[in-house]
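Biologist: Thanks for making time for this. Could we go through the model together, one question after another?

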Amino acid sequence: MKLNVKNESAKLKVVVLGRAESNGAIPTLEETFDAKSYETVLNNDFPKEEDLVSEMAEFESILKKYDVEVLRPTLIENVNQVFSRDVGFVIDDEFFVSNIIPDRAEEVQAYNQIKEKFKGNKITYLDENIYVEGGDVILYNDYIFVGTYDQPDFKNFKTGRTNIEFVNYIKEKFPNKKVLNFDLKKHDTNPYEGILHLDCTFQPVGKDKAIIYKDGFLFEKDFQILVDIFGQENLFEVTKEEMYWMSPNVFSISENVVVSEKNFTRLNDHLQNIWNISVEPINYRNVSKMGGLLRCSTMPLIRE
């Protein structure tokens with residue numbers, strides 16, 4: 001297997017899709033580690049395992065419809081393994097093992113068998129002072145966009161996942177790329193006010209378009225940088241309510257095909273009728289109750 005990922009929308013060949021079987025007990029409020037899960041537990045609305053399994057099976061069937069090879073992590077009993085994006089990620093031909101929060105450390109071992117397929121590829125383990133999760137790393141050809149929280153109270157937030165040390169590291173690692181970091185608003189208990197990962201507030205689609213939530217950025221200048229790169233006419237701005245349901249977190253099978261949640265009617269209509277991108281709408285609302293959506297559930301390994 002020759003790893004290759006340079007952007008978010010080139011034709012997908014191989015992907016790891018998380019899994020929802022044996023998802024473990026409903027967490028307590030103290031055990032949640034993102035604002036959406038906190039709210040879901042508080043409202044006694046945590047999703048049922050069978051609903052999560054059903055939604056992920058629907059997603060897998062769409063991926064296979066487009067001849068994508070779908071790998072799954074090894075099952076670990078009573079561990080939430082839905083969100084594979086954060087455990088590791090590929091940049092160009094190199095696989096990076098994330099330093100994820102201690103609450104999720106068990107998930108990493110579920111990828112050992114998959115990593116066996118990477119022989120001959122570069123696999124990089126980060127120093128322990130470098131924090132990153134894959135949801136904060138977005139590739140756009142010559143650009144690497146990184147979601148960060150570079151503020152003095154970083155360690156006070158469970159939702160602070162990627163630090164400036166990762167940005168400095170990746171700039172040295174890829175001197176020929178333009179590495180840009182964007183501080184995100186953080187909140188551990190209110191999903192309307194905080195952004196867990198960059199892909200919850202911004203994501204490229206198609207060849208030169210992007211979905212974006214302006215108020216997810218701590219500084220307006222960061223939003224403006226993306227406007228300058230993509231052009232205002234190539235951005236679809238979501239509302240606070242749409243961000244809450246994770247509208248930016250769709251998943252591209254190619255430049256011409258996006259998998260989206262069926263309830264994202266305004267976005268899906270825009271993708272299809274304004275940008276001429278085919279939409280595969282699926283049920284994924286129960287997954288969203290745990291703080292992630294379609295991109296969060298995937299770890300692309302090979303794109304053309």
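Modeller: Gladly! Accessible areas here come from the Shrake-Rupley method with a 1.4 Å probe. Please keep in mind that this is a predicted model.

Biologist: What share of the accessible surface belongs to carbon and sulfur atoms?

Modeller: The accessible surface of the protein comes to about 12700 Å². Of that area, the part belonging to carbon and sulfur atoms is 46%.

Biologist: How many helices and strands are there, and why is the protein described as compact as a globular protein of its length?

Modeller: The secondary structure consists of eight helices and 15 strands. For 304 residues the globule rule gives 19 Å, and the radius of gyration is close to that, so the protein is as compact as a globular protein of that length. The radius of gyration itself is 18 Å.

Biologist: Which helix gives the most to the largest nonpolar core?

Modeller: That core has 59 residues, and Phe 59, Leu 63, Phe 145, Phe 202, Phe 217 and Tyr 284 have the most contacts inside it. Five of its residues come from one helix, spanning residues 49-65. The helix giving the most is α2.

Biologist: Which residues does Leu 63 touch, leaving out those up to four places away in sequence?

Modeller: Leu 63 is among the residues with the most contacts inside the largest core. With contact meaning heavy atoms within 4.5 Å, its partners beyond four places in sequence are Leu 12, Val 15, Leu 17, Val 68, Val 70, Phe 251 and Ile 253.

Biologist: How many residues does the other core have?

Modeller: This other core lies apart from the largest one, and its members include Val 5, Tyr 111, Val 167 and Val 179. Its residues number 34.

Conventions:
Residues numbered from 1 in each chain as written. Predicted model: local features only at pLDDT ≥ 70, side-chain atom pairs only at ≥ 80, totals over all residues. Heavy atoms only, no water. Helix = DSSP H or I, 4+ residues; strand = E, 2+ residues; numbered from the N terminus. Rg over C-alpha atoms; globule rule 2.2 N^0.38 Å. Core = buried A, V, L, I, M, F, W, Y, C linked by side-chain atoms within 4.5 Å. Buried < 20%, exposed > 50% of the residue type's maximum accessible area, 1.4 Å probe, protein only.
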